[in-house]
Amino acid sequence: MSDFSEIDLAALQPPEPFRLSVRRGPFTTHNGPWFHWARPDTFRQGVRLLERHCNSRGIVHGGFLSSFADGLAATSVFREVKRASVTIKLNTEFLRSAKSGDWLQGTAKVTRATRKTAFVDAYAWVGEGEEPPMDRLIFRSSAIFRLLEDR
């Protein structure tokens, strides 16, 4: 994991009850730092958006948002189905833009699972509240995941 030595973690000011996520893959770690919290019935992942998450126009890059959506959806599959998975399809609708300095958080829910496939809805918003205000919703996504065999 990166030590994020170039980033002052305290300056990122994640809202309570978010905590630094330390068990991430190389791609996600490189694009973090990421934060999370969870209860048995729900979870949130969040990131303080930085200039490096933005495109040349100063708004958060759609590729970064799509990666965030994919991570939310995969987390939901693992939490709810208790199996690792890989993305088959990810559709993301961008509703608003976000900018450097914004707190982006999101969650996801499995809407249906079969023996080999899981269907997931995910969404994210800017702001610190637990429930997403509709005027701050940044994207909503739907995804299909192939469930991997237990080893």
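User: Which residue in S7 is the bridge partner of Asp121?

Analyst: Strands of a sheet pair through backbone hydrogen bonds, and the pairing is either parallel or antiparallel. In this predicted model, Asp121 has Ser142 in S7 as its bridge partner. S6 covers residues 117–126 and S7 covers 137–147. The two strands run antiparallel and are joined by 9 bridges.

User: How many strands form the sheet, and in what order?

Analyst: The open sheet has 7 strands, and they follow the order S1-S2-S3-S5-S6-S7-S4, with antiparallel pairing. S1 and S4 each have a single partner strand, so they stand at the edges and one side of each lacks a neighbour in the sheet.

User: How does S1 pair with S2?

Analyst: S1, residues 19–20, pairs with S2, residues 35–39, over 2 bridges in the antiparallel sense. Within this pair, Arg19 is found opposite His36 of S2.

User: How many residues lie between S2 and S3 in their hairpin?

Analyst: There are 2 residues between S2 and S3 in the hairpin. S3 spans residues 42–48, and 5 bridges link it to S2 in an antiparallel arrangement. Arg39 faces Thr42 of S3 across this pair.

User: Now the interior. Which residues have the most contacts inside the largest nonpolar core?

Analyst: To read a core, look for buried nonpolar residues joined through their side chains. Here the largest one has 27 residues, and Phe64, Phe68, Leu104 and Phe139 have the most contacts inside it. S3, H2, S5, S6 and S7 each supply at least two of its residues. H2 gives the largest share, 7 residues.

User: What does Leu104 touch?

Analyst: Leaving aside residues up to four places away in sequence, the contacts of Leu104 include Phe64, Phe68, Val47, Trp125 and Ile138. A second core, separate from the one above, has 6 residues, among them Leu12, Phe35, Trp37 and Leu50.

User: What volume does the largest pocket have, and which residues are closest to its centre?

Analyst: The volume of the largest pocket is about 670 Å³. The lining has 26 residues, and those closest to the centre are Arg23, Arg24, Gln45, Gly71 and Thr75.

User: Which helices and strands supply the lining of the largest pocket?

Analyst: At least two lining residues come from each of H1 (26–30), S2, S3, H2 (62–81) and S4 (85–94). H2 supplies 8 residues, the largest share of this lining. Sorted by class, the lining of the largest pocket holds 11 nonpolar, 10 polar and 5 charged residues.

Conventions:
Residues numbered from 1 in each chain as written. Predicted model: local features only at pLDDT ≥ 70, side-chain atom pairs only at ≥ 80, totals over all residues. Heavy atoms only, no water. Pairing = 2+ DSSP bridges. Helix = DSSP H or I, 4+ residues; strand = E, 2+ residues; numbered from the N terminus. 1 Å grid on protein atoms, 1.4 Å probe; cavity = no way out; pocket = protein on both sides within 12 Å on 5 of 7 lines; lining within 4 Å. Points joined across faces, edges and corners; volume = space filled by probe spheres on them. Nonpolar A, V, L, I, M, F, W, Y, C, P; charged D, E, K, R; others polar. Core = buried A, V, L, I, M, F, W, Y, C linked by side-chain atoms within 4.5 Å. Buried < 20%, exposed > 50% of the residue type's maximum accessible area, 1.4 Å probe, protein only. Contact = heavy atoms within 4.5 Å.
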